[in-house]
Amino acid sequence: MGDLTGRTAVVTGSSRGIGRSIAHRLAADGALVAVHSGTDTTGLDETVASIRKAGGRAFPVVAQLGVPDDAATLVSALHAGLEQHGDRSELDILVNNAGVLATMPPEMVTPAEFDRVMAINAKAPFFIVQHALPMLARGGRIINISTGLTRFANPQEIAHAMAKAALEMITLHLARHLGPRGITVNTVAPGVVDNGDPFLQAPELRRMLGGLSAFDRIGEPDDIADIVAFLAATDGRWITGAWIDATGGTLLGAGI
Ligand SMILES: NC(=O)c1ccc[n+]([C@@H]2O[C@H](COP(=O)([O-])OP(=O)(O)OC[C@H]3O[C@@H](n4cnc5c(N)ncnc54)[C@H](OP(=O)(O)O)[C@@H]3O)[C@@H](O)[C@H]2O)c1
């Protein structure tokens, strides 16, 4: 029996990468987890299957974000899934993890690309929270996965970082708004994490990016999932409105 036994959770973008690890960890702690993705249905099915194989409880939710009615579609599929697979249709833990990069020089960012990144990384999470509010249980948790790039300059990711900065405002303002319901709202901000992308496997690049962290390595998805699990558990009840540095010390700088 884990700390989350009897609880329900949804992790957006959990077909792979960090989201998959978060879904695994919350399920291992006892939660019934809605595993979500937009188009990666293979990864979605693999995540659900591996959680079940490990003795956990999970079901899939497919909803593309960044398109009209995205949040309504996701939350209604989530509600239906909880009714079908759960003992109750209340939601205890909402992890806004799905996100996209927009790697290009600031001079190259087009209005259409800017809108796309904002729609997926900031607008969708806000409206997912709004639609989920009626089903969020007292004592619930909202955890927004942002990025160290709201504190550490990388001009190639300016649009992504601007969208994540907007996501972080959900934490600040809704932590105050939802406090009376005992709901905590926090941001977890990872640094570079090996999400399985082939790009990140090149040894020289790994050494360079790993060197940004005080621990001289790239983060692993479980490094982030463990932090999320703490916030989601009973032990995290007194933390709200926080920005949790999950960069492995990247923001400490290089030192001298
Ligand atoms: N990896 C890092 O180094 C790093 C660093 C800092 C912050 N982060 C943040 O951590 C989160 C997870 O990152 P990751 O590296 O694990 O990502 P990832 O491996 O690329 O996985 C992204 C997940 O989000 C889903 N997703 C993306 N766009 C979507 C859309 N439009 N509609 C529905 N689902 C969508 C993907 O599913 P589909 O393919 O089906 O769309 C996938 O499940 C992101 O918010 C990212 O910004 C990551």
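Here are a few worked exercises on a predicted model, going from its core out to its loops.

**Exercise 1. Find the members of the largest nonpolar core that touch the most other members, and the helix that gives the most to this core.**

Step 1: start with the core itself, which holds 61 residues. L26, V33, V95 and V228 touch the most other members.

Step 2: turn to the helices. Helix α7, residues 221–232, gives the most to this core, with seven residues.

Step 3: pick V228 and list its contacts, leaving aside neighbours within four places in sequence. You get I22, V95, I143 and V188. V95 is also one of the residues that touch the most other core members.

**Exercise 2. Work out whether helix α1 is largely enclosed or not, and check its span.**

Step 1: α1 covers residues 17–28, twelve in total. From its first C-alpha to its last it reaches 17 Å, close to the 16 Å expected at 1.5 Å a residue.

Step 2: go through burial. The buried residues are G17, I18, G19, R20, S21, I22, A23, H24, R25, L26 and A27.

Step 3: conclude. Eleven of the twelve residues are buried, so α1 is largely enclosed by the rest of the structure.

Step 4: look just past the end of the helix, where G30 takes a positive phi of about 115 degrees.

**Exercise 3. Describe the shell around the ligand.**

Step 1: count the shell, which has 25 residues. The closest are G13, G17, G38, G99 and N195.

Step 2: sort the shell by type. That gives nine nonpolar, 14 polar and two charged residues.

Step 3: ask which element gives the most. The pick is α1, with three residues. Recall that G17, one of the closest residues to the ligand, is among the buried residues of α1.

**Exercise 4. Decide whether R7 is buried or exposed, and find its contacts.**

Step 1: place the residue. R7 sits in the segment before β1, which runs over 8–11.

Step 2: count neighbours. R7 has 26 C-beta neighbours inside 10 Å, and the cut-off for burial is 20 or more, so R7 counts as buried.

Step 3: list what R7 touches, skipping residues up to four places away in sequence: G30, A31, D92 and I93. G30 is the glycine with positive phi just after α1.

Step 4: for a long-range check, take T103, 96 residues from R7 along the chain. The two C-alpha atoms are separated by 37 Å.

**Exercise 5. Show how the buried residues of helix α3 are arranged around its axis.**

Step 1: check the span. The 16 residues of α3 (70–85) should span 22 Å at 1.5 Å a residue, and the end C-alpha atoms are indeed 22 Å apart.

Step 2: list the buried residues, which are D70, L74, V75, L78, G81 and L82.

Step 3: look down the axis. The buried residues fall within an arc of 125 degrees, so they line one face of α3.

Step 4: see what each side does. The buried residues pack against β1, β2 (32–37), β3 (57–62), β4 (91–96) and α4 (111–132). The face turned away from the buried side carries the exposed residues E83 and Q84.

**Exercise 6. Locate D69 and D216, and give their phi values and exposure.**

Step 1: D69 is in the loop between β3 and α3, with a positive phi of about 65 degrees although it is not a glycine.

Step 2: D216 is in the loop between α6 (203–210) and α7, and its phi is near 55 degrees, again positive in a residue other than glycine.

Step 3: count neighbours inside 10 Å. D69 has 11 C-beta neighbours and so counts as exposed; D216 has 11 C-beta neighbours and counts as exposed.

Key. Residues are numbered from 1 along each chain as its sequence is written. This is a predicted model: local features need pLDDT of at least 70, side-chain atom pairs count only at pLDDT 80 or more; totals for chains, interfaces and linings use all residues. A nonpolar core is a set of buried Ala, Val, Leu, Ile, Met, Phe, Trp, Tyr and Cys residues joined through C-beta atoms within 7 Å. Helices (H or I, at least four residues) and strands (E, at least two) are DSSP runs, numbered from the N terminus. Two residues are in contact if their C-beta atoms, placed from the backbone, lie within 7 Å. The expected span of a helix is 1.5 Å times one less than its number of residues. A residue is near a molecule or strand if its C-beta atom, placed from the backbone, lies within 6 Å of it. Ala, Val, Leu, Ile, Met, Phe, Trp, Tyr, Cys and Pro count as nonpolar, Asp, Glu, Lys and Arg as charged, and the others, Gly among them, as polar. The arc is that of the directions from the helix axis to the C-beta atoms.
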